[in-house]
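Hi,

Here is the structure we talked about. Please open it alongside this note.

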Number of protein chains: 2
Amino acid sequence: MPPPRTTERLAELAVLVGANLRRGQILSVAAELGHEPLVRAIAETAYRHGARFVEASYFDPWVKRARIEHAAGDTLDFVPSWYGERALARGEQRCASITLTGPAAPGLLDDLDPARAGRDLLPRVRENLRVINDRTVNWTIVPYPTPGWASLVHPQLPTDEALERLWEEVVHVCRLDEDDPVAAWKERFAATAAAAERLNERRFDAIHFEGPGTDLTVGLLPTSHWGNAGFTTVDGVPHLANVPSEEVFTSPDPTRTEGTVRSTKPLTFADGSVVRGLTVRFEGGRAVAIEADEGAVNLRTRTERDEGGARLGEVALVDREGRIGRLDTVFSETLLDENAASHIALGSAYEFAAGEEDRGRLNQSAIHIDFMIGGDEVDVDGITQTGERVPVLRGGAWQI
Amino acid sequence: MPPPRTTERLAELAVLVGANLRRGQILSVAAELGHEPLVRAIAETAYRHGARFVEASYFDPWVKRARIEHAAGDTLDFVPSWYGERALARGEQRCASITLTGPAAPGLLDDLDPARAGRDLLPRVRENLRVINDRTVNWTIVPYPTPGWASLVHPQLPTDEALERLWEEVVHVCRLDEDDPVAAWKERFAATAAAAERLNERRFDAIHFEGPGTDLTVGLLPTSHWGNAGFTTVDGVPHLANVPSEEVFTSPDPTRTEGTVRSTKPLTFADGSVVRGLTVRFEGGRAVAIEADEGAVNLRTRTERDEGGARLGEVALVDREGRIGRLDTVFSETLLDENAASHIALGSAYEFAAGEEDRGRLNQSAIHIDFMIGGDEVDVDGITQTGERVPVLRGGAWQI
């Protein structure tokens with residue numbers, strides 16, 4: 001179904017550019033059932049390029065469904081100890097990691113009690129955040145079109161055409177339709193790195209979003225540092241945390257978000273549940289009201305999980321040069337949708353996006369939920385230490 | 001494809017009789033891609049019966065193939081540390097475990113270098129043997145018919161008919177065609193337990209096999225203890241280690257196997273590779289010559305892995321009352337074939353099948369490879385301490 005050699009080229013992009021696998025590394029591939037062809041192409045590419053071992057882990061959402069349907073309520077957030085220990089071991093042993101996204105069975109949990117569903121965060125485990133913040137693993141996340149996902153994105157098409165269309169889009173946003181995708185990504189990451197640098201030079205005290213239904217101020221920390229998804233491990237291995245990625249982001253002050261924000265795209269969870277027409281009101285950094293046209297409970301339950309679940313861990317800006325926003329497709333998949341528009345995330349912050357002295361102030365949580373709040377009709381300003389407003393994005397174009 | 005409700009009934013047999021899941025236990029399910037329907041039915045049954053968590057692990061033989069094809073030779077026996085740690089943690093935490101057998105892609109490694117293939121023992125990990133010997137996990141192994149396996153067993157039939165036929169056979173040998181399969185298994189396990197008790201009373205010094213191409217003496221230890229697959233954990237949880245199971249077995253003296261044995265069924269590995277027409281000559285307990293009409297290298301490579309790989313860890317007797325031998329089908333799958341006929345195993349011994357004082361003498365190895373040496377035409381004798389020969393099996397019928 002994908003154009004010839006596309007799965008192989010996507011695997012090469014994931015292994016050689018995204019994770020940037022080093023010879024002798026263990027590579028962990030986290031996938032869902034339905035991703036088999038890409039997992040196998042990744043394994044082949046990785047072993048050809050000197051992987052010491054490729055660990056393929058397949059998550060089964062039907063087993064998760066059985067749990068949410070039948071397990072005792074007080075066990076739903078239990079995770080066996082070795083899940084976290086394994087995540088930490090991957091960091092200690094300086095592994096590489098590739099996560100595949102693209103739901104195989106979207107909507108599978110839709111008829112279940114969302115309050116129960118929201119207590120089981122798997123396949124996410126808390127310790128993965130530790131490893132990301134330690135920067136001990138060169139990791140990436142890449143999309144893989146499944147028939148189920150394609151039908152969700154293009155419900156008006158028969159499944160095979162929907163899948164063909166989604167493949168075309170994924171190829172385009174992953175820049176695999178370029179003669180030299182690696183060079184194309186180099187160029188794009190250089191551009192977002194430059195934008196991040198300009199933001200860092202300004203040292204804004206806060207970012208302000210204004211648009212239909214939105215009047216939101218996100219306070220920054222004195223050392224909040226803007227960057228793109230071009231990361232480097234503690235050992236100096238550069239990697240692209242997301243492919244595709246179009247964003248620049250930082251970790252905000254979790255106590256200084258004020259106002260109301262209306263999401264500009266639906267929010268979809270990995271288990272396929274959706275929140276549409278979301279509005280969140282913040283006071284003193286805390287989301288005090290979560291309303292939606294549909295599925296508010298799916299978000300509310302998750303944010304109630306711990307104290308940090310209702311505070312921001314990320315603010316990100318996406319310009320209109322990105323390829324995802326221009327397609328105007330709702331992918332119902334965070335990896336792609338979050339790179340279509342500026343966004344904020346409830347939950348855990350990235351430690352490396354703030355200076356040492358502010359790390360104790362960063363938000364902590366077991367969750368990290370991005371939702372889109374930007375677009376051409378949303379103005380983004382920076383607010384300086386003296387209260388001056390500086391236009392940052394207008395109609396999706398950089399003003400600084 | 002399976003008869004209605006058969007997958008569910010097989011799941012119930014695995015969870016409630018085989019593993020005998022206790023409320024509040026973590027259940028680990030080790031499967032291969034292609035076993036999804038049974039894994040999901042097991043998860044549902046387990047959660048309905050109070051499982052605290054069900055861990056579904058899917059092994060991907062295509063990823064293994066990529067490794068054997070492309071990885072550096074000196075990495076082929078590497079296993080990440082957390083594989084073994086996870087196995088040990090399951091024991092420490094008194095988990096339940098169900099392993100599904102039935103290859104989804106038999107023959108997948110056939111065109112690869114068997115010397116390379118034999119160095120990668122996954123999904124088996126050495127620490128599982130530790131846990132089995134500690135008796136800390138209530139475990140079972142059950143078969144699941146896949147189209148690939150069915151075509152291997154019944155190559156003369158179209159795939160759907162082959163699958164239907166294999167399901168009928170699996171239903172029969174699992175006694176799911178009985179009105180009360182649980183009662184049927186209770187009765188059969190009582191019969192094999194009684195046979196084991198009679199063998200234990202005799203305290204034979206050795207077992208002798210004699211048939212076409214076979215003249216083999218397997219020396220026993222003073223405390224070698226015969227039992228069936230009805231095990232009990234250290235915490236007193238009874239479980240059936242294999243469903244189906246028809247055997248009685250013990251751990252022999254690894255230094256006192258002498259003579260030649262010809263296998264009576266093909267030997268098939270989990271990765272689908274096969275040894276046909278196998279002959280093994282033993283001297284002083286050691287397999288000094290491994291010959292075969294086909295695929296001898298597949299066994300030879302594995303036995304060369306460590307010192308204990310060429311010595312026996314098990315001797316097992318199967319009578320003709322078992323359902324598998326009567327079908328006269330070669331399942332090319334150890335769980336079923338080993339229960340068709342008396343067999344021996346190269347590699348690790350079961351510690352609990354000998355007394356405390358002999359445990360240091362038991363064979364140790366990373367491998368445990370059963371192969372069938374019995375049948376109606378093979379006479380089995382017990383040799384007493386004084387050298388007397390006592391008929392044990394004639395034409396598959398107990399003589400004691």
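Below are the findings, starting with the contact between the chains and ending with the backbone.

Bear in mind that this is a predicted model.

**The interface**

Chain A and chain B each bring 35 residues to the contact. About 3300 Å² is buried between them, and carbon and sulfur atoms account for 68% of that area. On chain B, look at B:Tyr47, B:Phe53 and B:Trp82. They supply 22% of the area that chain B buries against chain A, more than any other three residues.

Polar links are there too. Eight residue pairs are in polar contact, both residues at pLDDT 80 or more. There are two salt bridges between the chains. One of them joins the side chains of A:Arg40 and B:Asp60, at 2.9 Å from N to O.

Chain B's side of the contact draws two or more residues from each of S1, H2, S2, H3 and H4. H2(B) gives the most, with seven residues. By type, that side has 20 nonpolar, five polar and ten charged residues.

**The backbone**

Most peptide bonds are trans, and most residues other than glycine have a negative phi. These are worth a look.

- B:Leu122 to B:Pro123 is a cis peptide bond, omega about 10°. B:Pro123 sits in the loop between H5 and H6 of chain B.
- B:Val243 to B:Pro244 is also cis, omega near 5°. B:Pro244 sits in the loop between S8 and S9 of chain B.
- A:Asp328 has a positive phi, near 60°. A:Asp328 lies in the loop between H11 and H12 of chain A. It counts as exposed because its relative accessibility is 64%, over the 50% cut-off.
- A:Ser332 has a positive phi, near 50°, and is found in the loop between H11 and H12 of chain A. A:Ser332 counts as buried because its relative accessibility is 11%, under the 20% cut-off.

Best wishes

Conventions:
Residues numbered from 1 in each chain as written. Chains lettered and ligands numbered in written order. Predicted model: local features only at pLDDT ≥ 70, side-chain atom pairs only at ≥ 80, totals over all residues. Heavy atoms only, no water. Contact = heavy atoms within 4.5 Å. Buried area = accessible area lost by both parts, 1.4 Å probe. Salt bridge = Lys/Arg side-chain N within 4 Å of Asp/Glu carboxyl O. Polar contact = N/O pair within 3.5 Å; in protein donor to acceptor, adjacent residues only side chain to side chain. Helix = DSSP H or I, 4+ residues; strand = E, 2+ residues; numbered from the N terminus. Nonpolar A, V, L, I, M, F, W, Y, C, P; charged D, E, K, R; others polar. Buried < 20%, exposed > 50% of the residue type's maximum accessible area, 1.4 Å probe, protein only.
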